[in-house]
Amino acid sequence: MDLILIFGDQLSPSISSLEGADKDKVRVLMVEVMEEATYVRHHKKKIAFLFSAMRHFAVSLRSLGWNVDYVKLDDDGNTGSFIGELDRAILRHQPDRVRMTEPSEWRVRELVNSWQISTGFAVEICEDDRFICSHSEFETWVKGRKQLRMEYFYREMRKKTGLLMDAGKPVGGKWNFDADNRKSARSDLFMPKPLEIHPDPITQDVLSLVKKRFSDHFGALEPFWFATNRTGAEKARDHFIRDVLPAFGNYQDAMLAGEKFLYHSLLSFYMNVGLLDPLETCKRVEAAYYSEHAPLNAVEGFIRQVIGWREYVRGIYWLKMPDYLEQNFLETVRPLPEFYWTGQTDMACMREAIAQTREEGYAHHIQRLMITGNFALLVGVDPKAVHEWYLAVYADAFEWVELPNTLGMSQYADGGLLGSKPYAASGNYINKMSNYCENCRFDVKQKTGDQACPFNSLYWHFVDRNAEKLRTNPRMAQVYRTWEGMSRDKQKDYLDSAVKFLDEL
């Protein structure tokens, strides 16, 4: 008999560990363990989403005829760890071998490796074929390249999948329509609301568990609106394609006070745990273009995020771990400011993004990159501290996708492996892409002084203190020409304002 361990982000009925297995000769093992809920202090909604989705998946497997051994967090004897529960399950079932699909995170893979060594028990690890690009394919793509730019990888994935391709050429004559996706939103736009799924008895039980066991964790638990099974996730996808996708492209980078979701898909939760198949989802989005329901810039933008960026960061993660976690190119050491947890700050943009994160376990990619990430970059927070915060607070955050986004894209800690330049910006960018500045104590038009937007002086402080590392970057050349063309008095005003803010921070 085989014992098949399924992890909480492998909630796909076609997962490779189940493929070809004889249902009468298999026990499927699923476990809720404290170790996974607390290795960072995950948002309450994230824990509830994962435990509820796992419990629903176990029900669906049983309905398909699988024998499932499911260990709940509060079950008697729960050891609180993957390895402890694997040991107990082996004693219960006496399997001939253990089988699993490759864990998505390096940390868990190392746990499994150490367990194999310590016990000598046979473990078969199957490839996770839910991704378009395998580890070996990515390694082949990397060979001989001086720069690992996502855009070129994305083109290969377009060719491989055939998405938005016509006789070997990209539909519309271009690979990328991102230039069309940078409109600022207005508050009078129709804003679709995310599909809300009312908690069923399984989810209600989980919410009670999280309320009792994780009351001191970050974030609000209710209202809880996530889909926690495949049917609900598919409804959320249908809602996005029907009501949201047509404007998804135009307003990808926009931010509005009081509007948490705008035209974003909110599907990463479901793809990252296996409730939605990414390629199937992209095909449905592509069909919306061919049926003239959604414009090309929206459809291409969504597909690029999934088969381009999502696959690319996974490739980088497995290529560069475990050393990637320790990258700190800019040598920053500042601790994460306390207001990242409380939201208590006079900066309206930061307050808005963090309050939303506390309430929903979600913020869209520009809020993450250009608000909370940008601020951490400008003030010089230790990138590992930023990584641990993002991993904890967002319900769609798993290390394989979150770590490269944070250390590489957001904090430039890898020295340019992912991004060709640091994503640093002054208050002008925030003012252009949002209305946050309208009701802020600070004045975005003032460059220095106590009333000036802190992002303005912090930006130039960042440029100045990192000159040795960044001046030779071609994409930073104009920035340094501007800085070096300022009068010494003007430079001093910027630096003095930034230092005063940083001292008070």
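**Note on the parallel sheet and its helices**

1. Start with one pair in the sheet. Val31 stands opposite Val71 in S3. S2 and S3 run parallel and are joined by 4 bridges. The model is a predicted one.

2. On to the partner strand S1. S1 and S2 also run parallel, again with 4 bridges. Here Leu5 stands opposite Leu29 in S2. S2 is mostly covered, with 5 of its 6 residues buried.

3. S1 also pairs with S4. The sense is parallel, over 4 bridges. Asp2 has Arg97 of S4 as its bridge partner.

4. Now the whole sheet. What is the order of the strands in the open sheet? The order is S3-S2-S1-S4-S5, so named for 5 strands with parallel pairing. The edge strands are S3 and S5 (123-126), each pairing on one side only. Neighbouring strands are turned by 25° against each other on average, direction ignored.

5. Two helices pack on this sheet. H2 touches S2 and S3, and its direction makes about 160° with that of S3. H4 touches S4 and S5; its direction makes about 155° with that of S5.

6. H2 (residues 44-63) also meets H7 (residues 201-213). Their axes come within 9 Å and cross at roughly 140°. Angles over 145 degrees count as roughly antiparallel, and this range of classes leaves the rest as oblique. H2 and H7 are therefore oblique to each other. The crossing is right-handed.

7. Which residues make that contact? On the H2 side they are Lys44, Ile47, Ala48, Phe51, Ser52, Arg55, His56 and Val59. H7 contributes Ile202, Thr203, Asp205, Val206, Leu207, Leu209 and Val210. In general, residues three or four places apart on an α-helix point the same way, because there are 3.6 residues a turn.

8. H3 (residues 82-93) deserves its own point. Its 12 residues reach 16 Å from first C-alpha to last, close to the 16 Å expected at 1.5 Å a residue. Just after H3, Gln94 takes a positive phi of about 50°.

9. Which residues of H3 are buried? They are Phe82, Ile83, Gly84, Glu85, Leu86, Ala89 and Ile90. The cover over them includes strands S1 (2-5), S2 (26-31), S3 (68-71) and S4 (97-101). Helices H1 (34-38) and H4 (106-119) are also among the covering elements.

Key:
Residues are numbered from 1 along each chain as its sequence is written. This is a predicted model: local features need pLDDT of at least 70, side-chain atom pairs count only at pLDDT 80 or more; totals for chains, interfaces and linings use all residues. Side-chain values use heavy atoms; hydrogens and water are left out. The expected span of a helix is 1.5 Å times one less than its number of residues. Buried means under 20% relative accessible area, exposed over 50%, partly exposed in between (1.4 Å probe, protein chains only). Contact means heavy atoms within 4.5 Å. Two strands pair if DSSP finds at least two bridges between them. Axes are lines fitted to C-alpha atoms, for helices over the stretch in contact, and angles run from 0 to 180 degrees between N-to-C directions. Angles under 35 degrees count as roughly parallel, over 145 as roughly antiparallel, 65 to 115 as roughly perpendicular and the rest as oblique. A crossing is left-handed if the near helix is turned anticlockwise from the far one by less than a right angle, and right-handed if clockwise.
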